[in-house]
Structures are given as C-alpha cells and as structure tokens.
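Here is a protein model to read through. Some questions and answers on its layout come after it.

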Amino acid sequence: MPLGLEAICLKVCTHYPTLFDHFQRELRDVLQDLQRKSVLQDWRQTESWKLLKELANSAQHRAIARKNPQPKSVPGVLGLDLEKVKAIQNRIDDFTKHMSDLLLIERDAELEFTQEELNAVPMPDENSDAAKPIEFLVSHAQAEQELCDTICNLNAVSTSTGLGGMHLVLFRAEGNHRLPPTTLSPGDMVCVRTCDSRGAGATSCMQGFVNNLGEDGCSITVALESRYGDPTFSKLFGKSIRIDRIQGLADAVTYERNCEALMMLQKKGLQKRNPSIAVVTTLFGDSEDVRLLEENHLVDWTEVELNGLLDSKSYDVSQRRAIALGLNRKRPALIIQGPPGTGKTGLLKELIPLAVKQGERVLVTAPTNSAVDNMVEKLCDSGIKIVRVGNPVRISQAVASRSLVQIVNAKLADFQAEIERKKSNLRKDLKHCLEDDSLAAGIRQLLKQLGKTMKKKEKETVREILSSAQVVLATNTGAADPLIRRLDTFDLVVIDEAGQAIEPSCWIPILLGKRCILAGDQCQLAPVILSRKAAEGGLGISLLERAASLHKGIMVTRLTVQYRMNDAMASWASKEMYGGLLKSSSSVSSHLLVDSPFVKPTWITQCPLLLLDTRMPHGSLSIGCEEHLDPAGTGSFFNEGEADIVVQHVYSLINAGVSPTAIAVQSPYVAQVQLLRDRLDEVPEAAGVDVATIDSFQGRESDAVIISMVRSNNLGAVGFLGDSRRMNVAITRARKHVAVICDSSTICHNPFLARLLRHIRYFGRVKHTEPGSFGGSGIAMNPILPSFG
C-alpha cells in the first residue's frame with residue numbers, strides 16, 4: 001500500500017468485499033500483536049479499528065458486501081434432490097474457503113518475495129572478480145525450483161511507441177553479452193530502475209511489462225507507462241539498469257480476479273442460470289451424482305460419430321478418440337492428457353475449428369501469454385474468425401495482427417482519419433476566433449463532441465468484433481476482462497497447458513462457458529508456488545490433476561502414441577511417469593542421429609542414451625568436477641568440469657556432422673547455463689547451439705539433448721534435481737540422443753534418479769570421463785555402476 005495513501009486505499013477496498021475482509025483480518029492481527037507487546041491497552045479502542053468498523057457499517061459497503069455467503073440452493077438442480085444439492089454446495093463452500101485462504105497466504109508470500117527480490121544485493125565472496133559486473137540474481141522460493149527473476153547491468157539503447165501509447169524501451173546487456181537464462185517472458189510485470197555495477201538497485205523504480213526478448217539473446221524490450229519527456233524515463237539512458245520480475249499474485253488485479261472467481265463459483269455455481277452448472281456439478285459431485293446426471297440424459301460421456309470429419313490416416317486411435325469426445329456437446333468436462341511428443345497442440349488446432357464448424361463459440365485460454373500466443377499462431381491459418389484479447393504490450397508481435405486493438409484500429413482507420421481532419425479544421429478556426437468567447441466555446445463543444453463520437457464508435461466496433469468472433473483467446477485471468485464477461489455465453493471453453501495453472505484461475509474462464517476441455521500434462525512442470533504452506537495446502541495441485549482423479553477417471557482421455565523420441569527415452573518416461581501406457585510410433589522408435597542427413601556413423605551418433613560419468617570406477621571424482629556456489633553471490637551452483645565435458649561432447653557431435661541448431665544443452669542451474677553459454681561462445685563451430693534451463697525448455701524439442709546435472713558432493717544432496725516432473729521434461733525434449741553428464745555417486749542417492757541411471761545402463765551406454773579426455777571412435781564395455789535402489 002503506498003505510503004500516505006492508506007485511507008484512500010482503505011475506502012477503495014470497501015468496494016471489494018474480499019479485499020475488505022482480508023484488510024480487516026490483517027489489521028486485527030497487527031493491533032493484537034501491538035497489544036501483546038504492551039504498546040496498546042485495548043486494540044478495539046484504537047482509531048484505526050473504529051474507522052474500519054465505521055466503514056464496515058456504512059450503507060455503501062453493506063450495499064456491495066455479500067449479505068448471505070451461502071447461496072440459496074435450488075431444489076431439483078439437474079434432476080438431483082435437495083439433499084444432494086446441499087452436499088455439493090457444502091463441498092463448494094469448503095473448497096472456496098480453503099482456496100481463498102491459500103490464495104491469501106500465497107499473495108502475502110509473493111509480496112514478501114517480490115520485496116526481498118527488489119532489495120536483494122549480490123554477496124560475492126573474496127574469490128570473485130570485483131571488476132566483473134553482476135549480470136543476474138537467482139532466488140530459491142522453495143527447494144524445488146531456482147528462479148532467475150532479476151537481470152542486472154543492462155543499457156537502455158532506444159525507445160519507440162507501441163500499441164496503446166506505451167513507450168517501448170530496448171535494453172541490451174553490457175558488452176553485447178547474452179542475457180542470462182531468465183524466467184522473464186513476454187507479458188510479465190517488471191520493475192525497472194538504475195543500479196550499480198554490483199547489481200544494487202536504486203530505491204525508485206518504474207513499472208512496466210516485458211514486450212519481447214530479442215532473437216539475438218542479448219536484448220529485452222520493456223513497455224513502460226511513461227509520458228514523453230518524463231524525467232524519470234530519461235534518467236534510464238546512460239545508466240546501468242536492473243529489471244526485476246513482479247510475481248503474479250503480487251499484482252492486485254490478478255489476486256482479486258482469482259478471489260472473485262471463487263466467490264462466483266460459491267454464489268452462482270449451482271444456480272440454474274449458471275451456464276457451467278453441469279461442469280460444477282461434475283467436478284464437485286460424487287460418483288452417484290454423475291451417474292444420476294447420465295441416467296437423466298443430462299450428460300453423455302460417449303464419443304460422437306466423426307462421419308469423415310477427420311483423415312483417419314493422419315491421427316492415431318487415441319487422438320481420434322480425444323477429438324470425438326471433445327466434440328460431444330453433452331459432455332460437461334474433458335481432460336486431455338498429452339504426454340511429450342503425442343501431438344496435443346496439433347490436436348487442439350484440429351479440434352477447435354471442428355467445434356466452430358458444428359456451431360459452437362469457443363473461448364481459448366492458457367496460464368501464460370506465450371502459451372495463448374502459441375495457440376493464436378496455430379489457429380491463424382484455420383479459416384475461422386479469431387480475436388486475441390489482452391493488454392497490447394503483453395501480446396507477441398508475431399500475432400499482434402489478431403489482437404483486438406489492432407483489429408479495431410484497422411477497422412476504424414478511415415473513420416478516425418475523418419475525425420482527425422475535422423478536429424484539425426476546428427482547431428484552425430479556434431485560433432481565429434479566440435476573442436469571440438461564444439464562438440470559441442461553440443468550437444470547443446464541437447471538439448468535445450467529436451471525441452465522444454470517436455469513443456462511442458470504438459465501443460460499438462469492439463462489441464461488434466467480439467460478438468462476431470468464433471474463437472476468443474486470452475489468458476486465464478485475462479478472461480475476467482469485462483469485454484469478455486459481457487459477451488454471450490460460450491459453448492466451449494478450452495484451457496491449454498492447464499497443468500501449469502492454479503485451480504482458482506481456471507474457474508475464471510470455465511464459469512463463462514457451457515462445457516470445458518482441459519489439455520495438459522500433470523506429469524510435467526506444475527504451477528510455481530512460492531509459499532510452502534500454500535503448496536502443502538494444495539494450491540499447487542492443478543484442476544487438471546484433481547479432475548483426472550475423480551469418478552474413476554471418466555473425464556480423462558490420454559494420448560498414448562508419441563511421435564518424437566527414440567524408444568530408449570520414451571520407454572523410461574512411459575515406465576516412470578505414465579504407467580507404461582505411452583507407446584512409440586514406429587516412425588520414430590528407432591531413429592538415431594546417424595539417420596539425419598550428412599551425419600557420420602560413429603558410436604555417439606548411433607547411441608540414443610549416454611551417461612558421461614565424472615566418477616571414476618575406483619571411486620574418485622574427475623579433477624575439476626566438483627560443484628561450486630557461484631562466487632558472484634547470485635545463489636546458484638555451477639560445475640566447471642561438467643561444462644568442459646559438455647563442450648567436448650558438443651564438439652564431437654558437430655564433428656560427426658550434427659547441425660549445431662539440432663543440439664540443445666540444458667541444466668537446472670542458472671549459473672551453470674551462463675557458464676555453458678560463455679564456454680560455447682568460445683567455440684565458433686558451436687554457434688546455434690541452444691543453451692537453457694530445463695524449466696524454460698518445456699514445450700520445445702531438439703535432435704540431441706545434453707544435460708549437465710551439476711551436483712557433486714559427499715552428502716549426496718541433489719536439491720531440486722529429484723523432482724520427477726522436471727527430469728521428465730529434461731529427458732523428453734530429445735528426439736534421437738540424450739547425454740546425461742553427472743557424478744553418479746551423488747546422483748544415485750536419489751531413488752528416482754538412480755532408476756534413470758540404471759535405465760541408461762540397460763538401454764544406452766556409460767562412459768567414465770573427465771575434462772579433456774573425451775573423444776575417440778570406440779567405447780569399452782559398460783563399466784560397473786554403483787548399486788541403484
């Protein structure tokens with residue numbers, strides 16, 4: 001809350017009952033704490049508490065606040081008797097209260113975390129190079145993740161005007177270095193301010209949004225809310241700049257929209273007027289309720305006849321089944337689990353136009369702007385009317401032509417030009433009649449009227465475009481935009497990457513439609529939750545994951561054939577993550593690097609799985625392969641020996657004819673990624689090799705993937721490497737070759753990772769290696785690995 005504006009903020013929050021309740025609870029806790037410290041005698045007699053109670057009892061607040069938090073249940077909803085409806089409502093009440101509490105906990109954690117990030121200053125040790133500028137900071141909100149939300153020592157290069165009148169400022173890394181492997185992505189809210197060479201930021205900052213990350217990897221463009229000539233804005237030039245990401249729920253709008261969705265679910269979820277009542281009943285009812293809905297012919301869980309809508313040769317059985325289920329208009333909910341390489345995105349690209357063809361209006365959402373823009377790109381050539389709704393600066397330039405703002409501007413171009421021409425003429429007339437007050441007043445009134453005419457035309461055009469759109473796309477929280485909520489009910493809501501979204505955010509779009517499809521994979525990366533308490537309470541469990549376990553899996557269909565990986569990789573993922581159900585298409589099951597054009601036959605290019613072990617057979621660790629904490633004080637780990645081995649392996653692949661653009665190098669640690677980028681930059685032949693963190697590589701793929709595990713210590717500590725979903729993402733990015741570089745003695749302390757090493761031994765090859773020793777055309781027998789549990 002801005003200092004000096006507490007009273008204004010308090011009055012504003014009386015318009016939002018959820019915020020007011022949280023404000024009242026927090027104030028009470030603060031006052032009670034002061035009373036325990038003997039600062040106050042009776043906290044109820046303080047002026048602040050009396051003022052709060054006065055506002056709470058005001059007519060303004062009572063008119064807005066919920067008078068009855070428990071909605072009146074309607075007997076006979078969807079053919080269910082009153083007792084069953086009450087039982088479902090009780091589950092909804094318990095769920096919404098629990099989730100509201102978790103959202104508050106997470107919001108507080110994100111606010112605290114964001115403040116700590118803004119105040120964070122690197123703490124280099126005595127071994128660090130004091131002359132070298134700090135380029136990034138990482139944070140560990142939980143042990144399961146490492147976030148790089150801060151980039152330091154950037155230079156403002158140029159500025160331009162973007163959509164919505166926002167100033168787009170291009171920042172470039174000093175010395176044209178590549179940007180660190182940041183978690184920043186287009187659409188993220190950021191704080192921009194000056195800093196010193198060690199990364200310490202100034203107290204004042206400007207707020208903006210990431211517009212895009214440069215293709216050269218050296219630049220980032222931020223949209224800033226700044227007027228031309230703003231002195232704060234001009235101070236950015238010629239200075240070192242620091243950019244910090246602001247967490248999602250720390251944004252009041254995002255938090256309030258999530259809370260509002262829970263409130264709407266509780267109040268209107270079981271009302272007959274709610275278009276999504278069948279979805280709500282299915283997700284909160286028990287198996288008996290679902291059976292009764294089916295017996296009353298209110299829902300249907302079967303497949304529809306496709307009648308030649310699909311080319312049967314282009315889709316496998318599981319894909320055809322998913323499309324047939326997705327086109328069933330009486331099916332309230334469908335979960336499409338798409339393991340790596342099974343063509344989930346391509347399936348949605350086919351399913352959405354088919355739904356439009358059968359007369360449905362579709363709302364498509366995803367948890368991130370980049371995921372939404374990806375769907376826009378896929379649907380651009382489908383021949384249907386699509387509109388991307390959202391803040392213009394958060395929309396990728398590649399799909400900006402499909403954004404609501406640009407469509408409106410294009411449609412009003414002639415009208416706006418005519419209005420501007422009339423305004424220009426009136427301003428000229430105004431200069432000649434300033435002495436005649438009545439005439440000047442009349443001209444000013446005409447100018448004002450022209451402005452109103454333009455705004456009215458804009459509103460009419462927006463309404464016309466959205467009403468005629470067959471598919472509307474936005475983020476989950478963006479679906480709460482009044483422009484979308486005021487539209488007629490959608491027939492179908494599709495949420496892509498639903499496994500990465502917290503459940504409250506999914507209810508925002510779901511409540512706007514009659515039925516929903518959730519697509520994703522709960523066995524890949526989950527929503528990022530900063531508060532351990534909120535994560536343990538269940539906020540990190542996505543709706544996709546929860547719904548998949550309900551009613552004996554009746555809502556779930558799985559894509560079971562993958563078209564990406566050699567079966568040596570796919571069989572591990574299938575066994576460890578997908579219950580043995582994931583099969584490999586014959587077109588990819590045995591493909592290798594050697595099958596690619598111009599690739600020479602070597603033992604490496606004929607090996608799908610390779611373990612490069614830095615632990616020697618006699619038990620000693622290869623020289624230089626110990627883990628180290630970054631001396632620059634960033635908080636991340638690196639391993640120079642493993643970095644050298646990565647470079648050697650990349651060189652071996654390129655020397656065998658593998659294109660650098662077909663090679664990806666991954667590591668879970670930001671400092672290691674930065675080290676690997678620096679080392680590979682020294683090898684001209686390696687230009688084009690993609691180096692990134694595991695988390696940022698989800699959704700992408702490459703012919704050859706090299707993974708540097710980094711951790712090597714006597715305690716067997718592996719940190720967040722033991723997260724099965726993260727390693728699932730890492731291994732399944734590869735098509736033809738995976739090389740894992742690690743200290744097996746450390747890694748095998750984790751049972752999950754130990755099974756991965758055993759799988760590589762059985763289905764691939766193992767080589768003990770050290771920096772500078774790797775290469776050659778032959779390999780000896782697989783050495784004996786430690787016993788894995």
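The questions below go from the whole chain to single residues.

Q: What average pLDDT does the protein have?
A: The model is predicted. Of the residues, 85% score at least 70. The average pLDDT over the protein is 84.

Q: Which stretches have a pLDDT under 50, including one at residues 66–75?
A: Over residues 66–75 the pLDDT stays under 50, and the model gives them 20 contacts beyond four places in sequence. A further stretch is below 50 and has 38 contacts beyond near neighbours in sequence. That stretch is residues 774–789.

Q: What percentage of the protein's 789 residues count as buried?
A: The protein has 25 helices and 24 strands. It exposes about 35000 Å², and carbon and sulfur atoms supply 51% of that area. Buried here means under 20% relative accessible area. By that cut-off, the buried share of the 789 residues is 54%.

Q: Among contacts between residues at least 6 apart in sequence, what share joins residues at least 24 apart?
A: One pair far apart in sequence is threonine 150 and arginine 245, with their positions 95 residues apart in the numbering and 6.5 Å from C-alpha to C-alpha. Across the protein, the contacts counted are those between residues at least 6 apart. The share that joins residues at least 24 apart is 73%.

Q: Which domains does the largest nonpolar core lie between?
A: This core has 77 residues. Leu283, Phe284, Trp507 and Ile510 touch the most other members. Two domains both give residues to the core, so it lies between domain 3 (258–379 + 489–559) and domain 4 (407–466).

Q: How many residues are in the other core, which includes Tyr578 and Leu609?
A: This core lies apart from the largest nonpolar core. Ile760 and Val766 are also among its members. Its count is 37 residues.

Q: Which residues does tryptophan 507 contact, leaving aside neighbours within four places in sequence?
A: Tryptophan 507 is one of the residues that touch the most other members of the largest nonpolar core. Its contacts include Leu283 and Phe284, which are also in that group. The full set is Phe95, Ala261, Leu265, Val280, Leu283 and Phe284.

Q: How many of the eight residues of helix H8 are buried?
A: Helix H8 spans residues 277–284. The buried residues include Ile277, Val280 and Phe284. The helix is largely enclosed by the rest of the structure, because the buried count is eight of the eight.

Q: Which elements cover the buried residues of H20?
A: Helix H20 (residues 567–577) is mostly covered, with eight of its 11 residues buried. Among them are Met569, Trp572 and Glu576. The cover includes E15, E16, E17, H23, E23 and H25.

Q: Which residue stands opposite valine 493 in E13?
A: Strand E12 (residues 492–495) is covered on both faces, with Leu492 and Val494 buried on one side and Val493 and Ile495 on the other. E9 joins E12 in parallel over four bridges, and leucine 363 has valine 493 as its bridge partner. E12 also pairs with E13 (residues 516–520) in the parallel sense over three bridges. There, valine 493 stands opposite cysteine 516.

Q: Which glycine in the turn between E5 and E6 has a positive phi?
A: E4 (residues 189–194) joins E5 (residues 206–213) in antiparallel fashion over four bridges. E5 then pairs with E6 (residues 219–224) in the antiparallel sense over five bridges, with asparagine 212 opposite threonine 221. E5 and E6 form a hairpin with five residues between them. At about 75°, the positive phi belongs to glycine 217.

Q: Is glutamate 497 buried or partly exposed?
A: Glutamate 497 sits in the loop between E12 and helix H17 (503–510). Its phi is positive, about 50°, although it is not a glycine. With a relative accessibility of 22%, glutamate 497 counts as partly exposed.

Q: What relative accessibility does valine 710 have?
A: Valine 710 lies in the loop between strand E22 (702–708) and H23. It is not a glycine, yet its phi is positive at about 75°. Valine 710 counts as buried, with a relative accessibility of 0%.

Conventions: Residues are numbered from 1 along each chain as its sequence is written. This is a predicted model: local features need pLDDT of at least 70, side-chain atom pairs count only at pLDDT 80 or more; totals for chains, interfaces and linings use all residues. Side-chain values use heavy atoms; hydrogens and water are left out. A nonpolar core is a set of buried Ala, Val, Leu, Ile, Met, Phe, Trp, Tyr and Cys residues joined through side-chain atoms within 4.5 Å. Buried means under 20% relative accessible area, exposed over 50%, partly exposed in between (1.4 Å probe, protein chains only). Domain bounds come from an automatic or database domain assignment. Contact means heavy atoms within 4.5 Å. Helices (H or I, at least four residues) and strands (E, at least two) are DSSP runs, numbered from the N terminus. Accessible areas come from the Shrake-Rupley method with a 1.4 Å probe; for residues, only the protein chains shown count as cover. pLDDT is the predictor's confidence in each residue, from 0 to 100. Two strands pair if DSSP finds at least two bridges between them.
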